[in-house]
Structure formats: C-alpha cells, structure tokens
Amino acid sequence: MRTTSTTAPRLVLAGALAAALLLGGATTGPAARAAERPGQEHTLADLAQRHGRYFGSATDNPELADEPYTALLGREFDQITPGNGMKWYATEPRQGVFDFSQGDEIVNLARSKGQKVRGHTLVWHSQLPDWLTGREWTAPELRAVLKKHIQTQVRHYRGKVFAWDVVNEAFNEDGTYRDTVFLRTLGPGYIADALRWAHQADPHVRLYLNDYNIEATGPKSDAYHELAKQLKARHVPLHGIGFQTHLALQYGYPATLEDNLRRFSRLGLDTALTEVDVRMQLPATEEKLAEQARWYRSLTEACLAVRRCVGITLWDYTDKYSWIPAFFPGEGAALPWDEALRPKPAYHALREALQTPRRGR
Ligand code: G3I
C-alpha cells in the first residue's frame with residue numbers, strides 16, 4: 001500500500017492514517033498496541049521492535065497540553081526523551097536545590113504508556129543555570145558541584161531512565177575538546193569522572209556520550225572513537241555513543257554513517273541515533289520532501305544494519321514543535337509529521353525501512 005510513487009494518493013492515505021491514529025483507543029504499551037487495534041497499521045515502535053530496536057521521540061513539557069499531539073506521541077513511539085526538562089537549568093535552578101518536576105512529568109507520562117525514557121542531559125555547556133555560569137570556580141569547588149548534580153539526578157531517576165546522555169557535545173568540529181567551564185576548570189578528565197559518578201549512582205543505567213555532526217567519519221567522530229577507546233581501556237563505565245543526527249539537506253547525506261556506527265560497535269559500545277531531524281531550506285517542495293524521505297529511510301537502514309545500534313529517536317516528531325525554525329531562520333520542515341500532525345513522505349519511508357527484513361551486521 002505504501003509503494004505508491006505519486007505524491008497525491010500518498011497524501012490522501014497519509015491523511016486517512018493520521019485520522020486513524022488520532023482516533024485510536026488508549027494503549028498501555030507498545031506490545032499491546034497492534035493487538036488493541038486489530039486491522040490497523042503497526043506503529044513505528046511495533047515495527048522497530050521486530051528488529052530489537054526502539055523508536056522514540058523527544059518531547060517537551062509545554063507540548064503536553066496538546067492532546068492530539070500527546071495521543072500520537074503515546075501511540076506511535078516506545079521511547080521518549082525530554083527535550084529540555086532534565087537539563088541543568090531545569091533540575092538545579094539554585095545551587096543544591098533540585099526540581100525534578102518537569103522530568104518527572106515526562107517520566108510519568110512515558111510510564112503510563114509503557115515507553116522507556118532516555119535521560120538528557122547531565123553535563124552540557126548550554127542551558128546551565130545562572131548561579132553556575134555567573135562566577136568563577138576553583139577546581140575542587142566545581143568538581144563537588146558537578147558530582148553532586150550528577151549523582152542527585154541519576155539517583156532520582158534510578159530505575160526510571162534506561163540511559164543517560166552523561167556528557168553532551170564535548171568536542172569541537174576539528175576534534176579538539178570544546179572550551180567549556182568544565183574543561184577549563186577541571187581538564188578533560190571531567191568526562192571520565194562524570195561517567196564514574198553516574199555509574200556509582202545507578203550501576204544499571206546505560207551511560208552515553210552524545211554529540212552532533214559525528215554521523216560521518218571525520219575529525220569530530222574520530223575524536224570520539226579515540227576517547228571511547230581510551231575510556232574502555234581504562235575500564236571507565238561508558239556504554240554507548242549517541243549520534244544526534246541533526247541533518248540538513250543542503251549539506252549532503254552522511255554516507256559513512258553505517259560504517260561509522262559499526263566501528264563504535266567494534267569497541268564494544270552501543271550506538272543510538274538520539275536526536276534525528278532532517279531540515280531543509282523553506283519552502284518545502286515535493287522534491288525536497290522526497291529527498292528528505294530518502295534520508296530518513298537511509299539512516300534507519302544504517303541503524304538496523306548494525307547490531308549494536310539500539311534505537312532511533314526523533315527530535316520531536318512534528319514540525320509543529322521542531323526547534324529548527326527558531327535556530328535556523330528560513331529552514332524547517334525537518335520532521336516526519338507536518339505542523340498539522342499529518343504524516344509526510346518521511347513517515348512512510350521510515351515505515352518502509354522498518355518493514356524491510358533484517359540484513360547483515
Ligand atoms: O524557558 C524559556 C521560556 O521561559 C521563554 O519564554 C522562552 C522564550 O524564548 O524561552 C524558553 O527557553 C527556551 C528553551 O528551549 C525551552 O523551551 C530557549 O529559548 C530555547 O533556546 C531552548 O531551545 C532548546 C535548545 O536545545 C537549547 O540549546 C530546544 O528547545 C531543544 O530542543 C534543544 O535541544 C538540543 C539538545 O538538547 C542537544 N542537541 C541539540 C538540540 C537542538 O539544539
């Protein structure tokens with residue numbers, strides 16, 4: 001049914017499918033979904049589970065008031081990442097005073113839908129609270145602050161998140177360490193320390209380093225490979241690398257993605273596509289949307305081809321809530337559902353990729 005090549009019938013089908021999805025009944029978990037909706041299409045999560053993968057979406061607290069949005073979020077995906085609610089500015093707005101209300105809201109929603117949660121993020125140079133950025137710290141002071149932040153948050157979410165983006169965006173494009181308050185004050189050892197502290201607080205949670213522009217092999221991705229190799233050799237608890245996968249049509253598809261995922265697997269690490277979107281210069285045309293769909297298909301196939309690529313997360317699922325237009329003026333239309341929650345060609349491409357039988361490793 002989805003092998004039609006013309007766009008018009010596809011859009012009609014897409015509209016019908018969106019309506020079907022929006023009218024579907026409540027679910028209690030991905031495994032229950034297909035059974036509860038006999039005769040209806042399997043969701044992306046259902047299809048991904050056949051490959052032993054999850055298929056998720058980021059979400060953000062203000063969006064949860066949008067009922068058609070949350071209905072689709074709860075139905076189509078089996079994994080959720082809070083887009084902002086677990087960041088430092090949100091969880092420790094005053095030094096030593098923790099507020100987990102936003103993260104908890106998302107965890108509770110996910111649990112009610114049988115979805116798992118990726119924790120995002122413990123250590124990042126962006127969206128830090130003013131109390132942290134507004135003064136100088138000695139190394140012992142900042143070390144204590146960092147340890148407390150990480151361990152309080154990881155302990156709070158112990159058993160509730162399956163993975164943490166422990167350190168986010170630690171490298172520059174040329175593979176040098178990013179100049180952050182943590183690097184400047186503590187040196188590059190802050191990364192290993194952060195991983196060890198997180199592991200102490202929850203020995204079962206999967207610990208990741210996460211970054212953008214590492215999908216293709218190159219200096220930044222090489223830096224992660226080298227660091228990961230060193231950390232593994234020193235038995236630092238690192239379990240995976242998150243490839244954010246914020247792609248843009250004008251920069252070309254990262255053709256080495258699959259090989260790159262595989263080389264991290266060979267280090268004994270999981271990988272995941274953690275923040276996927278494929279933006280374009282607006283206006284979106286039929287051709288650009290078709291090209292975007294091919295990219296979504298290819299990145300899904302790349303993950304499915306590598307055994308330790310454990311899942312795919314969209315950085316929200318609808319253009320209605322994408323971060324792109326605010327950050328890249330003139331660009332957008334990056335997600336598989338449009339602003340009216342109608343599936344786009346990219347959605348069908350994802351389904352097609354997930355319906356293809358497994359291939360090699
Ligand atoms: O909370 C304030 C609100 O009080 C105010 O009224 C509003 C006015 O603009 O701003 C709100 O803060 C915004 C915040 O998101 C929460 O909505 C910030 O302006 C905005 O800059 C911030 O953007 C987030 C961005 O990270 C910050 O870098 C995006 O929502 C979020 O999707 C994005 O996510 C990052 C990942 O964490 C890491 N990888 C890249 C990815 C995209 O930038």
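The following exchange concerns the ligand site of a predicted model and one of the residues beside the ligand.

Biologist: How many residues surround the ligand, and how many of them are charged?

Modeller: The closest residues around the ligand are Asn 84, Lys 87, His 120, Glu 275 and Trp 315, and they belong to a shell of 15 residues. Sorted by class, this shell has five nonpolar and seven polar residues, and the charged ones number three.

Biologist: Which side chain has an N or O atom 2.9 Å from an oxygen atom of the ligand?

Modeller: Two side chains place a polar atom 3.0 Å from a nitrogen atom of the ligand, namely Glu 169 and Gln 244. The 2.9 Å distance to a ligand oxygen atom, by contrast, belongs to the side chain of Trp 315.

Biologist: How much of the ligand's accessible area does the protein cover?

Modeller: Taken on its own, the ligand has 780 Å² of accessible area, and the space that the ligand takes up is the largest pocket. Of that accessible area, the share covered by the protein is 52%.

Biologist: Is His 120 buried or exposed?

Modeller: His 120 is among the residues closest to the ligand, and its place in the chain is within strand S3, which spans residues 116-123. Its relative accessibility is 1%, and because a residue under 20% falls in that class, His 120 counts as buried.

Biologist: Which residue's side chain makes a polar contact of 2.9 Å with the side chain of His 120?

Modeller: His 120, a residue of strand S3, is joined through its side chain to another side chain by a polar contact. The contact has a length of 2.9 Å, and the partner is Asp 165.

Methods: Residues numbered from 1 in each chain as written. Predicted model: local features only at pLDDT ≥ 70, side-chain atom pairs only at ≥ 80, totals over all residues. Heavy atoms only, no water. Near = heavy atom within 4 Å. Polar contact = N/O pair within 3.5 Å; in protein donor to acceptor, adjacent residues only side chain to side chain. Areas by Shrake-Rupley, 256 points an atom, 1.4 Å probe, with all protein chains shown as cover. 1 Å grid on protein atoms, 1.4 Å probe; cavity = no way out; pocket = protein on both sides within 12 Å on 5 of 7 lines; lining within 4 Å. Sits in = over half its atoms within 2 Å of the grid points. Nonpolar A, V, L, I, M, F, W, Y, C, P; charged D, E, K, R; others polar. Helix = DSSP H or I, 4+ residues; strand = E, 2+ residues; numbered from the N terminus. Buried < 20%, exposed > 50% of the residue type's maximum accessible area, 1.4 Å probe, protein only.
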